[in-house]
Structure formats: structure tokens, C-alpha cells
Amino acid sequence: MNELSPVAGGDALAFARILANDHVADIVEALNGEPHDVAAALLSEVPFERLVEIFDQPDLEAAPELAAMLPRLRAGKLLSAMSVDRAADVLRELDEPARSELLGTQAPALKATLLSILGYPEHSAASIMTTEYVSVPPDWTAGRTLDYIRKVERTRETIYAIYIVDPKTQELLRSVSLRRLIAGDPDDRIIDVALDRAPVSATPLTDREDVARQMSKYDLLAIPVVDNGRMLGIVTVDDIMDAMIEETTEDVHRFGGVEALDEPYMRASFLTMIRKRAGWLCVLFLSEMLTANAMQGYADELQKAIVLTLFIPLIMSSGGNSGSQATSLVLRALALGEIGLKDWWRVALRELPAGIVLGAILGAVGITRITLWQKIGLFDYGEHWMLVAATVGLALVGIVTFGSLAGSMLPFALKRIGFDPASASAPFVATLVDVTGLVIYFSVALVVLHGTLL
């Protein structure tokens with residue numbers, strides 16, 4: 001944003017004037033590009049209402065750090081004015097004693113609500129819910145409900161769904177859309193306006209990925225969080241989108257063999273990058289040592305038929321690529337709920353013939369390549385070149401089939417023992433297939449080339 005050039009010159013007052021008039025998403029983007037101390041200094045000049053808008057944006061990357069750098073009284077007032085779910089997010093990332101100090105500035109009711117949300121597991125529905133929703137008793141009329149919405153809409157996360165709640169037990173009875181409410185007769189009871197069916201809901205401990213699937217399946221803008229019939233809050237579509245972006249980022253990092261980053265790539269320190277990547281690389285390196293052990297086991301065969309070494313990279317990469325493809329497809333299907341643990345055998349029955357056909361295709365390409373190079377004189381594979389070609393072709397069928405089957409089954413195995421299926425990353429699949437691929441390759445060579453090269 002060219003308008004934000006006053007930041008570079010340190011003109012906080014000029015920047016504050018821009019903050020007062022610019023779109024809040026653009027302001028957040030600009031603040032994310034500034035050092036924390038500069039951003040905190042700029043925010044100290046922002047009108048309070050604008051400050052609340054800025055901190056209510058999930059894209060504000062350093063919100064906990066910036067809140068801690070504000071004067072305690074102003075920071076406490078800020079948390080009180082923010083949406084409850086966003087305030088809980090900020091507090092969750094704060095270290096002590098800042099967290100306790102800010103909680104101590106809150107009114108008892110709000111403090112109890114925040115502590116309740118913070119008490120739930122981080123990736124659960126209750127951890128991202130808000131308690132700022134519209135609820136009314138069942139005996140209110142549609143007209144009275146609309147009047148109530150006009151009064152409280154500024155203090156509610158969303159007004160597109162109205163929840164009918166028993167005032168004594170807080171039991172969720174029904175939900176009604178704003179469209180249906182407006183279309184109803186003002187004198188009708190709201191319980192009669194609502195559809196006569198139990199509302200779709202989530203439990204407090206429902207994983208946020210499952211919440212996302214529910215909202216997508218039923219086309220909801222918000223889903224109530226209910227504990228034994230008692231309504232606790234709602235999860236809105238924007239909250240679940242933010243959570244899914246975070247979840248997807250973690251999965252992508254793990255799939256690439258990297259521990260998930262807790263901050264944007266360009267903001268991560270050099271030591272953080274080393275720490276996040278070194279462990280995985282060491283594990284993968286140690287795993288790849290099994291490949292060297294496998295090759296040592298066939299050292300005599302390699303000495304007799306040195307031509308076989310020419311195709312080792314081809315063999316290993318083909319198996320790893322087929323395994324990575326299968327893993328990607330299965331991980332995505334698991335994430336979308338298209339398949340579950342019980343479907344492992346159905347996946348295996350699909351991947352087994354697919355692997356055979358794909359391996360046959362690659363095998364045919366490999367045989368064709370060896371034949372062309374031999375016939376046009378680009379390379380001499382020796383008098384038994386046809387047997388070498390057959391070895392490569394048959395080995396590719398076996399290796400690609402094994403890679404597809406192993407890559408598709410590894411996510412199921414990890415999920416079954418309680419690990420994140422995303423940890424079935426492409427590097428791990430490639431390592432597994434590399435070792436087994438060499439065994440398959442040389443086993444085929446021993447059979448095909450027995451009595452000739454071997």
C-alpha cells in the first residue's frame with residue numbers, strides 16, 4: 001500500500017490518520033509488515049473503536065505480542081470490547097504473567113467465559129466458539145424477536161441464525177434463520193416460525209475439522225455448540241475458515257517433512273527454521289541409510305552386472321512418485337470425510353490394480369527407451385540388453401504396485417495408532433519405497449538374469 005509510506009519515516013500521527021480511514025484488512029496487512037515495536041507504537045495512536053476492529057481480525061499475526069505491549073489498562077479494555085472467541089485466541093497465546101494480569105482486568109462474568117473457552121482442547125469446537133449469539137425464549141413472538149435483534153446486533157457475532165433456548169435450563173430447542181423470521185407473521189410465536197426439527201449441532205469436544213464438514217454438509221453460516229442439550233455458544237463460518245487455513249498449513253508442512261511453523265515463513269527466525277527442519281531431515285537421512293544397506297547386500301550382483309546401477313535412480317524415483325500420489329489422494333479423501341478407517345480394504349482393492357497398470361505403463365516406457373538407445377547406438381547395454389530391458393520393465397511393475405499400495409495404506413496405519421495421517425508425508429513414503437524398491441529390483445534381476453549376467 002503506497003498510502004502507508006509514513007511508517008517508514010516514523011510519522012506515527014500521519015499513520016494513525018490513515019488507520020482511522022483505511023479498510024481494516026489493509027491496515028492489518030500493513031501492520032504485519034512492521035516490527036512489533038513499531039506496530040505497537042502506531043497502535044497506541046489509534047482511536048479505541050478502530051483498535052478493536054484491528055484486533056478482531058484473525059489475520060493480525062502478532063496480536064498477542066502487540067496486546068502485551070499495550071498499557072495494561074488499555075489492553076484489558078480492548079479484550080473486553082473484542083469478540084469473545086478472538087479475545088480467547090489472544091489470551092491463549094500470551095505467556096504468564098501477562099495472561100493472568102489481563103484476565104484480572106475483566107468483569108467476573110467475562111472472565112469466567114474466557115476461562116471456560118480456554119479450558120477446552122485447542123482444536124475443539126468449544127475452543128473457537130463465541131458466546132455472542134442471538135437467543136430468545138420460545139414464547140416470544142417474531143415481531144418481538146426482530147425488535148430485540150435491532151437492539152443487540154452490534155454486540156453479536158452473527159444475526160443470521162436465531163436460537164430458541166429454554167430460559168431456565170439453557171436447552172437448545174430450535175433454530176430459525178433470519179430470512180424465515182422476517183417472512184413470518186409478527187404475531188406468531190417464534191417456536192412456531194422455526195422448522196419442526198432438531199437443529200444441527202456440535203459437541204464441545206468435536207474436532208474443528210468435523211465441524212467444518214458439518215457446516216459444509218448442511219450449508220450453515222454458524223453451528224451451535226451443545227453440551228448435553230445445553231447451549232454453550234456458536235462456531236461461525238469465518239472462524240472455521242480461519243481454523244481450516246491453519247489446519248491445512250500444518251498438514252502441508254508435515255506432508256513436506258517439516259514441523260509446522262507457528263508464524264509466517266518470512267518472520268520465522270533462522271534458528272527456528274533450522275529447528276523445524278533438522279529433526280525431520282535427520283530421521284529421513286537415517287531411514288535412507290537402509291537403502292545403502294540394501295545395496296550392500298547386492299554388492300556382488302552389482303559387480304557382475306554394473307549395467308544394473310544405471311537404472312537405480314529410475315527405479316527408486318518411480319516407486320516413490322507412485323507412493324506419494326497414492327498418499328496425497330488418500331490423505332485428501334480422509335480429510336474430507338470421503339473415506340474412513342473401515343474403508344482401508346476398499347482403497348487397497350482400488351490401488352492394487354491401479355499400481356499394476358501404472359507400473360506396466362512405466363515398464364513399457366522403460367523397455368522402449370532401452371531398446372531405442374541400443375538400436376540407434378546411443379548406449380551399448382551389452383549382448384543381453386533384452387534381458388536387462390525385461391528386468392527393468394518387470395521391476396517397475398512390482399515397485400510401482402508396491403509404492404501405490406504402501407502409500408495408500410500408510411495414512412490408515414498412522415490414523416489407526418493415533419497419529420496425524422498427514423505425517424504419512426511424501427518423504428517417508430519415498431524412503432519406504434526406496435528400500436523395498438531395491439529389494440524388488442535386484443530380486444527380479446536375479447531371476448531374469450540368472451545364468452547370463454548373474
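Twenty helices and five strands: the protein has 20 of the one and 5 of the other. Keep in mind that this is a predicted model. The protein runs to 454 residues, and 44% of them are buried. Now contacts. Take those with a separation of 6 or more. Residues 24 or more positions apart account for 67% of them. On the outside, the protein exposes about 23800 Å². Carbon and sulfur atoms supply 59% of that area.

Let's go to helix α9, residues 108-118. Which of its residues are buried? Leu-110, Leu-114, Ile-117 and Leu-118. They sit on the same side of α9, because they cover an arc of only 100° around the axis. Turn to the face away from that buried side. There you find Pro-108 and Ala-109, both exposed. What do the buried residues of α9 pack against? Three helices: α6 (72-81), α7 (84-93) and α8 (98-104).

Stay with α7 for a moment. Helix α7 holds Arg-92. Buried or exposed? Arg-92 counts as buried, because its relative accessibility is 17% and the cut-off for buried is under 20%. Now its neighbours. Leave out residues up to four places away in sequence. Arg-92 then touches Arg-99, Ile-117, Leu-118, Glu-122 and Ser-127. Two of these names you have just heard. Ile-117 and Leu-118 are among the buried residues of α9.

Next, the strands. Look at β4, residues 222-227, and β5. They pair in the antiparallel sense, over 6 bridges. One pair to pick out on screen: Val-226 has Met-231, in β5, as its bridge partner. The hairpin of β4 and β5 has 2 residues between the strands. Asn-228, in that hairpin, takes a positive phi near 55°. Strand β5 itself spans residues 230-236 and is mostly covered. How many of its 7 residues are buried? The count is 6.

Last stop, the surface. There is a nonpolar patch of about 390 Å². Which residues make it? Leu-310, Ile-376, Leu-378 and Phe-379. Let me single out Phe-379. Its place is in the loop between α18 (344-375) and α19 (385-416). Phe-379 has a relative accessible area of 36%, so it is partly exposed. A patch takes residues with over 30% relative accessible area, and Phe-379, at 36%, is past that cut-off.

To recap the stops. Helix α9 packs its buried residues against α6, α7 and α8. Arg-92 in α7 counts as buried. Strands β4 and β5 pair in the antiparallel sense. And Phe-379 helps make a nonpolar surface patch.

Technical notes:
Residues are numbered from 1 along each chain as its sequence is written. This is a predicted model: local features need pLDDT of at least 70, side-chain atom pairs count only at pLDDT 80 or more; totals for chains, interfaces and linings use all residues. Side-chain values use heavy atoms; hydrogens and water are left out. Patches are made of residues with over 30% relative accessible area and no salt bridge: like charges are joined within 9 Å, nonpolar side chains (Val, Leu, Ile, Met, Phe, Trp, Tyr) within 5 Å. Accessible areas come from the Shrake-Rupley method with a 1.4 Å probe; for residues, only the protein chains shown count as cover. A salt bridge is a side-chain nitrogen of Lys or Arg within 4 Å of a carboxyl oxygen of Asp or Glu. Helices (H or I, at least four residues) and strands (E, at least two) are DSSP runs, numbered from the N terminus. Buried means under 20% relative accessible area, exposed over 50%, partly exposed in between (1.4 Å probe, protein chains only). The arc is that of the directions from the helix axis to the C-beta atoms. Contact means heavy atoms within 4.5 Å. Two strands pair if DSSP finds at least two bridges between them.
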